[in-house]
Structure formats: C-alpha cells, structure tokens
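I opened this entry to record what I looked up, beginning with the fold and ending with the rings.

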Amino acid sequence: MPIQIANESNNSGGGGGGGHEIKVKIAYNGEVMITYIDESISYEGLCREMREICRFSPDQVFTMKWVDEENDPCTIQSDIELDEAIRLYEVNRDSELVIHGE
C-alpha cells in the first residue's frame with residue numbers, strides 16, 4: 001500500500017497555534033498518507049488539509065471518519081467531534097490519529 005508523507009508547515013489553519021503537533025494517518029482510495037496537524041486545528045482547517053492531501057476538488061463532498069480505541073469508525077462533521085477525537089487521542093496516548101476519507 002503506497003504511503004505518502006506531507007509536511008505541513010502552517011498546519012492549514014488551526015486555533016491559536018502554539019500547540020503540539022499530532023501525527024495523522026489518512027487512508028483514502030487505497031493509499032495511506034501521513035501528515036501532522038496542530039492539536040488546536042479547526043474542523044474547517046482539517047477539511048482543507050484533507051482536500052489538499054487527498055486531492056479533492058473544491059466542490060467534492062467527502063466524509064471523514066476516525067477510528068476510536070475500540071476500532072469503531074466515528075464520523076467527524078464538526079469542531080466538537082474533532083475535539084473529541086483529539087481528546088481521546090491524547091488520553092489514550094496514541095501514536096497517531098487515523099482518519100479515513102470517503
């Protein structure tokens with residue numbers, strides 16, 4: 001399975017910045033891509049990151065799902081859901097946050 005690593009220096013827009021980075025593994029269309037996001041990234045910032053990495057067109061509709069500690073897919077559709085994914089990533093001290101694009 002191909003792996004692509006994207007280094008994002010500005011983290012595609014987050015909150016106030018200054019937080020630590022989170023390693024994100026993005027799975028889409030049979031590929032796995034690695035990027036790093038700021039822990040304070042907004043939902044819209046994550047959407048921009050996904051569009052760039054997965055090469056979605058500006059009008060393409062897509063869904064993001066993260067995988068929780070029980071390997072259940074959880075949809076991310078808001079800042080609240082993204083914050084919960086990041087909170088559990090930190091509580092569980094996971095090595096990466098896994099997000100599937102659909």
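**Overall layout.** I counted 2 helices and 6 strands in the chain. The model is a predicted one. Reading along the sequence, I noted the order β-β-β-α-β-β-α-β.

I then looked up the totals. The chain has 102 residues, of which 36% count as buried. For contacts between residues at least 6 apart in sequence, I found that 58% join residues at least 24 apart. The exposed area of the chain is about 5,900 Å², with 46% of it supplied by carbon and sulfur atoms.

**Helix α2.** I checked the length of this helix, residues 79-91, against expectation. Its 13 residues, at 1.5 Å a residue, should span 18 Å, and the end C-alpha atoms are 18 Å apart, which agrees.

Which residues of α2 are buried? I listed Leu-82, Ala-85, Ile-86, Leu-88 and Tyr-89. They cover an arc of only 165 degrees around the axis, so they sit on the same side of α2. On the face turned away from that buried side I found the exposed residues Ile-80 and Val-91.

Next I asked what the buried residues of α2 pack against. The partners are the strands β2 (21-28), β4 (64-67), β5 (73-76) and β6 (97-101), together with helix α1 (43-54). I also looked past the end of the helix: Arg-93 follows α2 and has a positive phi, near 50 degrees.

**Aromatic pairs.** How many aromatic pairs are there? I got 2 aromatic pairs, taking ring centres within 6.5 Å as the cut-off.

One of them joins Tyr-28 and Phe-56: the centres are 4.8 Å apart and the planes make 80 degrees, which I logged as edge-to-face. Tyr-28 belongs to strand β2 and Phe-56 to the loop between α1 and β4, so this pair ties together parts that are 28 residues apart in sequence.

Phe-56 also pairs with Phe-62, and here the rings are stacked, at 4.6 Å centre to centre with 25 degrees between the planes. The stacked label follows because the angle is under the cut-off of 30 degrees.

I looked up whether these two are buried or exposed. Phe-56 is buried, with a relative accessible area of 7%. Phe-62 has 14% relative accessibility and counts as buried too. I closed the entry with the cluster that the ring pairs make by linking Tyr-28, Phe-56 and Phe-62.

Definitions and conventions: Residues numbered from 1 in each chain as written. Predicted model: local features only at pLDDT ≥ 70, side-chain atom pairs only at ≥ 80, totals over all residues. Heavy atoms only, no water. Helix = DSSP H or I, 4+ residues; strand = E, 2+ residues; numbered from the N terminus. Expected span 1.5 Å × (residues − 1). Buried < 20%, exposed > 50% of the residue type's maximum accessible area, 1.4 Å probe, protein only. Arc of directions from axis to C-beta. Contact = heavy atoms within 4.5 Å. Phe/Tyr/Trp six-rings, centres within 6.5 Å; stacked < 30°, edge-to-face > 60°. Areas by Shrake-Rupley, 256 points an atom, 1.4 Å probe, with all protein chains shown as cover.
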